[in-house]
Amino acid sequence: MTQAADSSPSPLLAVKNVTVRFPITVHDGWLARRRQDLQAVTDVSFAVARGETLGLVGESGCGKSTTGRAILQLLRPATGEVVFDGLPLHDLWVRRGRHWAWGPRLRDLRRRMQMIFQDPFASLNPRMTVEAILTEPLRNFSVGTTAERRARIQSLLETVGMDPRSIRRYPHEFSGGQRQRIGIARALALGPELIVADEPISALDVSIQAQILNLLQKLRAALGLTMIFIAHDLAAVRLVSDRIAVMYLGQIVELADAITITSDARHPYTQALISAVPMPDPRAETSRRRIVLQGEVPSPLNPPSGCPFHTRCPLREERCVRELPELRVIAPGHTVACHVA
């Protein structure tokens with residue numbers, strides 16, 4: 001598979017042909033049951049340079065969050081590998097009986113890779129104060145003395161725009177945006193190099209979303225963070241990302257820089273996503289052509305043959321039904337998985 005991202009010298013992160021499957025039980029009748037693999041992510045590959053933000057965008061259920069969790073090894077990929085700073089993470093798992101578990105070296109890498117979760121209420125322990133939440137990662141890795149940890153916590157809260165005097169309060173005493181800021185502070189506690197932001201604004205009000213996006217951009221510039229920003233809102237992804245990867249049914253269908261994706265999208269699915277982004281100019285909004293996709297996203301339990309998008313594609317040809325398109329380079333830094341692009 002051809003990848004434009006592979007030309008980047010010494011990327012911090014390289015995802016190579018990663019596939020993630022979930023075994024599930026399918027009920028075919030009153031008593032009939034069978035085991036089947038649900039393939040959530042299929043043969044995904046890309047690389048992320050140091051200091052870069054890569055956006056992952058697509059409809060709900062397309063495999064964005066699963067990809068992010070596989071990158072951090074919260075899920076063990078069925079095939080493929082994730083290479084972080086030249087170190088293959090797949091080799092750092094250890095077998096314990098019938099199951100796989102993190103090895104000590106993989107646990108140590110947790111300091112360098114962190115995640116911002118989607119739901120800022122569910123991801124924070126309601127029985128822990130802000131101080132306990134932010135102290136936990138420092139204590140787990142034996143970072144600093146008690147006084148140094150307290151100073152670090154206050155500095156983190158100031159960094160994310162929170163009042164350091166709120167350390168004795170509990171998550172339910174904060175608004176959604178404030179809880180997400182606490183989650184961001186927790187992700188920054190150990191000074192990571194890579195942040196995976198898994199839809200960090202989808203549970204927030206629109207006005208708060210803008211504040212969190214501005215905060216992430218500020219943190220990235222100040223701390224030199226490398227980030228994977230996951231969202232279904234293409235406008236938000238475009239605002240914070242250097243490059244954008246568009247996913248559909250567990251596969252990357254287009255990958256290019258943010259400006260190219262916006263102005264010169266080649267895949268019909270990407271074009272449909274862009275047409276759904278509201279425009280601030282009422283005249284332009286009413287005069288532009290909206291691409292409305294017909295049908296629903298196919299089930300990953302029974303994916304279509306050939307191109308996964310052909311069941312909804314307005315440009316499909318007979319070849320699209322039979323053959324799976326490869327992710328090919330159509331311009332420098334621009335790859336598309338489409339027969340007719």
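This section walks through the cores, the sheet pairings, the enclosed elements and the empty spaces of a predicted model.

The nonpolar interior is a good place to start. The largest nonpolar core takes in 60 residues. Within this core, the residues with the most contacts are Ile184, Leu188, Phe229, Ile244, Val246 and Tyr269. Another core, of 36 residues, lies apart from it. Among the members of this other core are Val48, Leu72, Leu92 and Met113.

Turning to the strands, four of them form an open sheet in the order E2-E1-E4-E5, and the pairing is antiparallel. E2 and strand E5 (87–88) are the edge strands of this sheet, each pairing on one side only. Strand E4 (residues 79–84) meets E5 through two bridges, again in the antiparallel sense. Here phenylalanine 84 is found opposite leucine 87 of E5. In a regular strand, side chains point alternately to one face of the sheet and then to the other.

A second set of pairings centres on E12. Six of the seven residues of E12 are buried, so this strand is largely enclosed by the rest of the structure. E12 pairs with E11 in the antiparallel sense over six bridges, and one bridge joins isoleucine 244 to alanine 256 in E12. Isoleucine 244 also appears among the residues with the most contacts inside the largest nonpolar core. The hairpin of E11 and E12 has two residues between its strands, and in this hairpin leucine 249 adopts a positive phi near 50 degrees. E12 has a further antiparallel partner in strand E14 (residues 334–336), with two bridges between them. In this pairing, glutamate 254 sits opposite valine 336 of E14.

Helix H9 (residues 268–275) tells a similar story. Seven of its eight residues are buried, so H9 is largely enclosed by the rest of the structure. The buried set consists of Pro268, Tyr269, Thr270, Ala272, Leu273, Ile274 and Ser275. What do these buried residues of H9 pack against? Their packing partners are helix H7 (234–240), strand E11 (243–248), strand E12 (251–257) and helix H8 (258–263). Tyr269, one of the buried residues of H9, is also listed with the best-connected members of the largest nonpolar core, those with the most contacts inside it.

Elsewhere, the loop between helix H4 (146–159) and H5 contains proline 164. Leaving aside residues up to four places away in sequence, proline 164 touches Gln154, Leu157 and Glu158. Proline 164 and leucine 87 are 77 residues apart along the chain, and their C-alpha atoms are separated by 37 Å.

The empty spaces complete the picture. Such space is revealed by rolling a probe the size of a water molecule over the atoms. The largest pocket has a volume of about 440 Å³. Of its 16 lining residues, Trp102, Arg110, Gln114, Pro137 and Phe141 are the closest to the centre. Strand E8 (113–116), helix H3 (130–140) and helix H5 (176–188) each give two or more residues to this lining. By class, the lining of the largest pocket comprises 10 nonpolar, two polar and four charged residues.

The second largest pocket holds about 240 Å³ of space. Its lining counts 17 residues, and nearest its centre are Gln39, Thr42, Leu249, Gln251 and Pro303. Strand E2 (residues 33–48) gives the most to this lining, with four residues. The lining of the second largest pocket has nine nonpolar and eight polar residues, with no charged ones. Leu249, which takes the positive phi in the E11 and E12 hairpin, is thus met again in this pocket.

Two cavities of 30 Å³ or more are also present in the structure. The largest cavity has a volume of about 60 Å³, and its lining is made up of His267, Pro268, Cys307, Phe309, Cys313, Cys320, Ala337, Cys338, His339 and Val340. Eight of these lining residues are nonpolar and two are polar, with no charged residue. The second largest cavity holds about 40 Å³ and is lined by Gln251, Ile252, Val253, His267, Cys307, Pro308, Leu324, Pro325 and Ala337. Its lining divides into seven nonpolar and two polar residues, again with none charged. His267, Cys307 and Ala337 occur in both cavity linings.

Definitions and conventions: Residues numbered from 1 in each chain as written. Predicted model: local features only at pLDDT ≥ 70, side-chain atom pairs only at ≥ 80, totals over all residues. Heavy atoms only, no water. Core = buried A, V, L, I, M, F, W, Y, C linked by side-chain atoms within 4.5 Å. Buried < 20%, exposed > 50% of the residue type's maximum accessible area, 1.4 Å probe, protein only. 1 Å grid on protein atoms, 1.4 Å probe; cavity = no way out; pocket = protein on both sides within 12 Å on 5 of 7 lines; lining within 4 Å. Points joined across faces, edges and corners; volume = space filled by probe spheres on them. Nonpolar A, V, L, I, M, F, W, Y, C, P; charged D, E, K, R; others polar. Contact = heavy atoms within 4.5 Å. Pairing = 2+ DSSP bridges.
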